[in-house]
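Hi,

Here's the structure I said I'd pass on. Have a look at it first, and my notes are underneath.

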Amino acid sequence: MNIEEILKNSKKIVITTHQSPDGDAIGSSLALCGYLVKKGFDVSVVVPDSFPKFLMWMIGAENVHVYDDDENVVKGLIREADLIFSLDYNDLKRVGAVGDLISKSTAYKAMIDHHLHPTDFADWICSDTSSCSTAQLIYNFIEDLNDLDLIDDQIAEGIYCGIMTDSGSFRFPSVQAKTHLIAADLINRGLNHSRIHELVHDVNTLPKLHLLGFALNEKLRVLPNVPVAVIAISWEELKQFNYKKGDTEGLVNYALSLEGIEIAAFIKGDDNKVKMSFRSKGDIAVNEFSSQNFSGGGHKNAAGGISFTSFEETVELFESKIVEFLK
């Protein structure tokens, strides 16, 4: 059965995305939500945990249900859903406790994603690893249903924000000619693209900028004898700068921009775990490195990982494992 037939037989739809939602996760979710609402569906957006302040401006963001804040509400929405969309993730492990709710749900499950190695939890799958973002796939989804004329400000802003953030402002190798054509079409429909870039990248707080200075001046290191740079900041250090979710977004890219560096890592302490972001150039597959050593994954040149050992032990383990990986 195709997705159009599934939609015809659905009344209540829930859109879900991964933990620590980023611009592509929130953008694609709100864009799909806006489209389905215009088609007359009862639609809710659910996220496992909160998302950064620099995404709160998006139309519909105030209506997103956060599992950590509204557990019972989210449970009820998923229990009553006829159709559940899984956006920007391809494994239920990526959505924490929400994944357990989805796996137990009798709703039809549809996945739209661009990451490698999808698992088989969904009934209908749109998986395109060549796409720079899930938001681009949402545009394709609307296009395939011949509904591009339904694109309004919410849909356009969500798609553009998702594409822009996941493509590094259109500079990553995953950007296709179609990506630019989509952006052009959205602009032709009235999208203010420069406003989105400003709201995401050009609105800072003084503590955030002080943290950036601290990270680059005090915590950025180049490992000896390998083309690897790392920024490691403990939870205690983050709290000194009144850390808010999203304040370290993009830090890892500063490390990767160093001349001669081919792999960069950002290691961040949390209250009960250590989170990691990896970036690489060329054929170096940091998703494989993360999967092998830090229960992570992602894209070839951009991946994440997690550790439940101490911050100091995690930093030491990363430094030893990355040397082994490069050999």
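Below is what came out of going through it.

Before anything else, keep in mind that this is a predicted model.

Overall build: the protein has 13 helices and twelve strands. Its radius of gyration is 20 Å, close to the 20 Å that the globule rule gives for 327 residues, so the protein is as compact as a globular protein of that length. If you're setting up a box, the C-alpha trace spans about 60 × 45 × 40 Å along its principal axes.

Packing: buried residues account for 51% of the 327. Taking contacts between residues at least 6 apart in sequence, 63% of them join residues at least 24 apart.

The largest nonpolar core holds 54 residues, and the members touching the most others are Leu36, Phe85, Phe141 and Ile159. Which residues is Ile159 in contact with, leaving aside its neighbours within four places in sequence? The list is Gly27, Ala31, Ala135, Ile138, Tyr139, Ile142, Ile182 and Leu186. Another core, of 20 residues, lies apart from the largest one; Leu223, Val230, Ile263 and Phe289 are among its members.

Surface and charge: about 15,300 Å² of the protein is exposed, with carbon and sulfur atoms supplying 48% of that area. On the charge side, there are 30 positive and 47 negative charges, and the mean positions of the two sets are 2 Å apart.

That's it from me, shout if anything is unclear.

Cheers

Technical notes: Residues numbered from 1 in each chain as written. Predicted model: local features only at pLDDT ≥ 70, side-chain atom pairs only at ≥ 80, totals over all residues. Heavy atoms only, no water. Helix = DSSP H or I, 4+ residues; strand = E, 2+ residues; numbered from the N terminus. Rg over C-alpha atoms; globule rule 2.2 N^0.38 Å. Buried < 20%, exposed > 50% of the residue type's maximum accessible area, 1.4 Å probe, protein only. Contact = heavy atoms within 4.5 Å. Areas by Shrake-Rupley, 256 points an atom, 1.4 Å probe, with all protein chains shown as cover. Lys, Arg positive; Asp, Glu negative; His and termini not counted. Charge placed at Lys NZ, Arg CZ, Asp CG, Glu CD. Core = buried A, V, L, I, M, F, W, Y, C linked by side-chain atoms within 4.5 Å.
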